[in-house]
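Me: I would like to go through this structure in questions and answers, with the reasoning kept short.

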Amino acid sequence: MLVRFRSIAVALIALVIVGVLAPSSWAALKAPQAGPFMDGYTGYEGQTKCSPTPKPGVVAFQRMVVGAYPNTGLGGISRACNVGGQSEHKEGRAWDWTASYSDAGQRRSANELIDWLIASDRYGNEAAIARRLGIMYIIWNKRIFFPGSGWRTYCVTRHGACVDPDDHGVRDPHTSHVHFSFTWAGAYKQTTFWHPERTYLADATALPSTSATWSVGGNGGVMPANGAPYLGDKSDEWLDKPAVAITSTPSGNGYWLSNARGKVFAFGDAPRRGSVTGKTQVADMAAHPSGRGYWIVSEGGRVFSFGKIPSFGSAKDLTTPAVGIESTTTGKGYWILAQNGRVVPFGDAQSFGDGSDDAVGMVRTSTGLGYWIATESGRVNAIGDAVALGSLDTAPKSPVTAIVASPTRLGYDLITTQGNSFAFGDALPMTLSHSAGLYAVASTLLDLSSLAASDL
């Protein structure tokens, strides 16, 4: 499925606060508009080398915060590698923000910022901004916060010192500053805060003979809907190119997803069949009905065949980019759909006509003697023996990016980049599940003794 990341990116040039609690006093603190897909939990990434040069994600966050809260101090990022024990400061991916708990104004600023970072967004993603920034943990006023598990006691005051309640080691209470540690992805700005176009839904696929679906976001995250199981995704890694396509195995017990460069990832019972090499810009992928492989189509119309399945040809004369590929019922052919609505058949696929401009995807009927073609604005063309079941009366707030057939193929869902679903015929609306998979996985709880020397 060709995802219009360019148009999304243009729309996001002006940053606005959406879906999170905005600071009440400081208009300078902003977050990019984001879709439903969230960065995965990576767990604890402790310091392993000496690389104290401040990393770009930490520097950018420091500038943003100090610019929003001029009553606080710049603090420090780097630390000499021969000072103290293990610390992310020694890798340039931790920041001590100067804000004193004893100063009412600075305490209010620190609490306000932290509340903003750990608030849920409008999709229900917890600690949304912190996770999008790649913040691994926060320490403030004797407590420590992990995005995956919430607040814990860092130390308690005993006999004039702040003592770890478990190992009884003496710690800095963090009442003179707030400590932020970042994952490597956050440190290098390889997170959705800096790449919000990857938070949007890129493609969706139906499990055969069910109303369940999987959707993939540009960041490689997979969200199940309508009872589909969660089988894994790539949201906890940085993909060199955004994810653009997902397709189910015929059993419904697995799926493949591909990024825009044609790197394919397999989950569940999906066998590994290979990836595209080179610099091809991928548009979509389709599984063979046998499950023995899949086809990938590039924006230029070239088809790549993986597994023990044949290739029936490529569309070499497209005047607009390819946006979709759909298998015939037999697996002995496929259709390629171009952005201008043109349909090019191969193998035993027949041409029944073309669709409208700004096409985003197609699904065949149960007989294979027709298909529906969806456009970005929600218009659906019924072609061949496809029954006209309806289109959106007005264009949705976010563009349609996928069309998914119902189990009977007597209906379909139109799905937008923000995850909204519009059902026609006997299709059921898609309801994304934020409680499955990465959205329910708590980040690794680490022994606080591993942080003992971090901020003394």
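Me: Which residues of α3 are buried?
Reply: This is a predicted model, and helix α3 covers residues 104-118. A residue counts as buried under 20% relative accessible area. In α3 the residues that meet this are G105, Q106, S109, A110, E112, L113, I114, W116 and L117.

Me: Which elements do the buried residues of α3 pack against?
Reply: Packing here rests on contact, meaning heavy atoms within 4.5 Å. The partners include the helices α2 (56-68) and α4 (128-133). The buried residues of α3 also pack against the strands β2 (94-98), β3, β5 (150-153) and β9.

Me: What span should α3 have at 1.5 Å a residue, and how far apart are its end C-alpha atoms?
Reply: The expected span of a helix is 1.5 Å times one less than its number of residues. α3 has 15 residues, so the expected span is 21 Å. The end C-alpha atoms agree with this, being apart by 21 Å.

Me: Which residue caps the N-terminal end of α3?
Reply: The cap involves a side-chain oxygen and the backbone nitrogen of G105. These two atoms lie 3.0 Å from each other. The residue that supplies the oxygen is D103.

Me: How many residues of α2 are buried, and which are they?
Reply: α2 has 13 residues, which should span 18 Å at 1.5 Å a residue, and its end C-alpha atoms are 18 Å apart, so the two values agree. The helix is mostly covered, with 10 of the 13 residues buried. These are G57, V58, V59, A60, F61, Q62, M64, V65, V66 and A68.

Me: Where does A127 lie, and is A127 buried or exposed?
Reply: A127 lies in the loop between α3 and α4. Its phi is near 50°, a positive value in a residue other than glycine. The relative accessible area of A127 is 2%, so A127 is buried.

Me: Why is strand β3 described as largely enclosed by the rest of the structure?
Reply: Strand β3 covers residues 135-140. The description follows because the count of buried residues in β3 is 6 of the 6.

Me: Which strands pair with β3 in the antiparallel sense, and over how many bridges?
Reply: With strand β9 (residues 177-182), β3 pairs in the antiparallel sense over 4 bridges. In that pairing, I139 has H179 of β9 as its bridge partner. β3 also runs antiparallel to strand β4 (residues 143-146), and I138 stands opposite F145 there. The bridges joining β3 to β4 number 3.

Me: Which residue in the turn of the β3 and β4 hairpin has a positive phi, and is that residue buried, partly exposed or exposed?
Reply: The hairpin has 2 residues between its strands, and N141 in the turn has a positive phi of about 50°. N141 is not a glycine. Its relative accessible area is 21%, so N141 is partly exposed.

Me: What does S215 touch, and is S215 buried or exposed?
Reply: S215 is found in strand β11 (residues 213-217). Leaving out residues up to four places away in sequence, S215 touches F37, L201, D203, A204, G221, V222, M223, M430 and L432. At 0% relative accessibility, S215 counts as buried.

Me: What is the strand order of the open sheet of 3 strands, and which are the edge strands?
Reply: The pairing in this sheet is antiparallel, in the order β22-β23-β24. The strands β22 (359-364) and β24 (380-384) each pair on one side only, and they are the edge strands. On average, with direction ignored, neighbouring strands of this sheet are turned against each other by 20°.

Me: What is the bridge partner of Y371 in β24?
Reply: Strand β23 (residues 370-375) pairs with β24 in the antiparallel sense over 5 bridges. In β24, the partner of Y371 is I383.

Me: Which residue takes a positive phi in the hairpin of β26 and β27?
Reply: Strand β26 (residues 411-416) pairs with strand β27 (residues 421-425) in the antiparallel sense over 5 bridges. G411 has G425 of β27 as its bridge partner. The hairpin has 4 residues between the strands, and the residue with a positive phi, near 90°, is G419.

Me: What percentage of the residues in the chain is buried?
Reply: The chain holds 5 helices and 27 strands. It exposes about 17,500 Å², of which carbon and sulfur atoms supply 51%. Of the 456 residues in the chain, the buried ones make up 56%.

Conventions:
Residues numbered from 1 in each chain as written. Predicted model: local features only at pLDDT ≥ 70, side-chain atom pairs only at ≥ 80, totals over all residues. Heavy atoms only, no water. Pairing = 2+ DSSP bridges. Buried < 20%, exposed > 50% of the residue type's maximum accessible area, 1.4 Å probe, protein only. Polar contact = N/O pair within 3.5 Å; in protein donor to acceptor, adjacent residues only side chain to side chain. Axes fitted to C-alpha atoms, helices over the stretch in contact; angles between N-to-C directions. Areas by Shrake-Rupley, 256 points an atom, 1.4 Å probe, with all protein chains shown as cover.
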